[in-house]
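Biologist: I have a structure on my screen and would like to learn how to read it. Could you walk me through it, feature by feature?

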Amino acid sequence: MAGPNRGQSLKNALLRYRVLAYATGVFLLLLTLHIVMQGFQMRDTDLSWFSNEGMSAVVPGSGHLIPMVHGWLYLIYVIVAVDLWMRTRLPLGGTILVVLAGTIPVMSFVAERWVTGRVQPMIGAVVDKGAVKA
Amino acid sequence: MLRTALKPRWLALLVVMLLAATLMAKLGEWQLERAREHGESAEQAEQAQKSEKTVPLNSVLQASETFQRDAVNTKVTASGTWGSDDQLLVPDRELDGKTGFWVLTPLLTDDGTVPVVRGWVATAAEATAPDSTRTVEITGLLQPGEPPVVRRPGETSGLPEGQIDRVAVAQLAALWPQPMITGFVVLDTQTPADANAPLTVPPPTSDGNLDWGNLSYAIQWWAFAVIALLFWYRLVRDDHRGLLSKDDDENDDENDDEAEDDPGTKVPTGVPHS
């Protein structure tokens with residue numbers, strides 16, 4: 001594969017990962033808030049924890065939507081994270097942590113910084129190499 | 001390719017991945033089971049309403065016990081006397097497109113107070129108190145308590161005396177004798193019947209969103225299982241094509257695991273396809 005193309009595809013892979021890291025992170029925060037609210041509602045309703053309406057009390061229907069959307073976003077997050085690893089071969093242990101970070105509130109933002117910090121120089125290296133060849 | 005796959009490290013990883021995939025597939029199956037249960041619950045309510053099969057209320061839910069989701073829409077029987085003086089009306093309830101009131105009456109049983117929606121009336125004036133002097137046997141569908149309306153301290157519902165805006169167990173507990181069950185029964189039949197009984201309320205429709213949520217989780221778990229196996233396949237294929245870094249290959253022969261975490265070898269080989 002030619003240098004510039006490879007640089008571009010790496011750039012795209014990183015961008016996909018970053019978008020998903022932010023989206024998953026935001027929805028995980030919403031999900032956390034939803035579950036915490038369900039916990040507080042327990043005091044008033046006598047329902048078991050997850051039977052409470054949570055965020056649905058504020059935005060109707062969101063109590064069902066938030067967990068579902070986070071689930072799908074996380075699935076795509078895992079796929080793009082693995083895809084990025086295939087292209088970059090970042091340390092495997094770190095990549096496993098990156099994948100798990102999508103399930104721990106706030107951590108996907110930290111993971112995004114770590115990944116971006118490591119992949120940006122690679123993109124730079126590939127693009128430079130391509131430029132020299134050209 | 002097969003010989004590459006049979007290397008000890010890839011076989012070991014395959015075992016790990018298969019175990020993980022099996023676990024994830026099981027989790028997916030469990031979610032599918034839950035999706036089915038939830039999906040059926042709306043239909044179940046209708047079925048339960050029609051069916052002759054009933055269980056005593058105290059076998060499903062004891063007074064003051066936390067309401068479990070499985071108990072929803074159980075057709076239960078209970079016997080006791082009506083606490084007619086404590087009867088309440090719940091405004092803004094629909095029946096056949098008309099807005100009226102639910103008639104909410106405590107049934108005083110040996111096991112505690114049971115909130116019962118005896119039926120629906122169009123106007124508050126139509127609601128009559130049931131005979132409280134005799135023991136009645138009722139059947140109906142068990143429902144979880146409704147979430148209470150959250151108010152600031154000192155704020156009131158603004159409803160007339162004898163009305164309550166939700167069938168909220170916590171609010172009823174302050175008004176009715178204790179102990180009380182943490183749910184309510186929507187009355188289906190009563191023996192002996194009351195002369196001026198309100199119209200029977202049909203079974204509530206369950207929200208269909210839940211089953212989609214569980215179905216989503218089921219699909220996601222299976223997808224994770226597939227990803228785990230594809231990940232293994234991709235590693236073996238890369239090894240077969242010699243795309244893994246030299247150090248990784250040497251690991252196979254020398255069983256040297258330490259080099260795997262050596263970041264120094266990763267950076268230069270970071271771009272295997274170039």
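Modeller: Let's go through the core, the surface, the salt bridges and then some backbone details.

Modeller: First, the ground rules. This is a predicted model, in which local features need pLDDT of at least 70, side-chain atom pairs count only at pLDDT 80 or more, and totals for chains, interfaces and linings use all residues. Residues are numbered from 1 along each chain as its sequence is written, chains are lettered from A and ligands numbered from 1 in the order in which they are written, and side-chain values use heavy atoms, with hydrogens and water left out.

Biologist: Which residues touch the most other members of the largest nonpolar core?

Modeller: A nonpolar core is a set of buried Ala, Val, Leu, Ile, Met, Phe, Trp, Tyr and Cys residues joined through side-chain atoms within 4.5 Å. Buried means under 20% relative accessible area, exposed over 50%, and partly exposed in between (1.4 Å probe, protein chains only). Here the largest core has 40 residues, and Tyr17(A), Tyr77(A), Val115(A) and Val119(A) touch the most other members. Two or more residues each come from helix 1 (3-45), helix 2, helix 3 and helix 4 (107-133) of chain A, and from helix 2 (8-50) and helix 5 of chain B. Helix 2 of chain A gives the largest share, eleven residues. Helices (H or I, at least four residues) and strands (E, at least two) are DSSP runs, numbered from the N terminus.

Biologist: What is Val115(A) in contact with, leaving aside its neighbours within four places in sequence?

Modeller: Contact means heavy atoms within 4.5 Å. On that basis Val115(A) meets Leu14(A), Tyr17(A), Leu84(A), Leu90(A) and Val98(A).

Biologist: And on the outside, which residues make a nonpolar surface patch?

Modeller: Patches are made of residues with over 30% relative accessible area and no salt bridge; like charges are joined within 9 Å, nonpolar side chains (Val, Leu, Ile, Met, Phe, Trp, Tyr) within 5 Å. Areas come from the Shrake-Rupley method with a 1.4 Å probe, and for residues only the protein chains shown count as cover. Leu29(A), Ile104(A), Val106(A), Met107(A) and Val110(A) make a patch of about 390 Å². Ile104(A) sits in the loop between helix 3 and helix 4 of chain A and is partly exposed at 42% relative accessibility.

Biologist: How many salt bridges does a search of the whole structure find?

Modeller: A salt bridge is a side-chain nitrogen of Lys or Arg within 4 Å of a carboxyl oxygen of Asp or Glu. The search finds eleven over all chains. One of them pairs Arg16(A) with Asp83(A), with the closest N and O atoms 3.3 Å apart. That pair links helix 1 and helix 2 of chain A, 67 residues apart. Arg16(A), Asp83(A) and Arg87(A) are linked in a network of salt bridges.

Biologist: Which residue forms a salt bridge with Asp194(B)?

Modeller: That's Arg134(B), at 3.2 Å between the closest N and O atoms. Asp194(B) is in the loop between strand 7 and helix 5 of chain B and Arg134(B) in the loop between strand 5 (112-121) and strand 6 (136-144) of chain B, so the pair ties together parts 60 residues apart in sequence. Asp194(B) is buried at 16%, while Arg134(B) is partly exposed at 26%.

Biologist: Last one: which peptide bonds are cis?

Modeller: Look at Gln178(B) to Pro179(B), with omega near -5 degrees, and Thr191(B) to Pro192(B), with omega near -10 degrees. Pro179(B) is in the loop between helix 4 (169-173) and strand 7 (183-191) of chain B.
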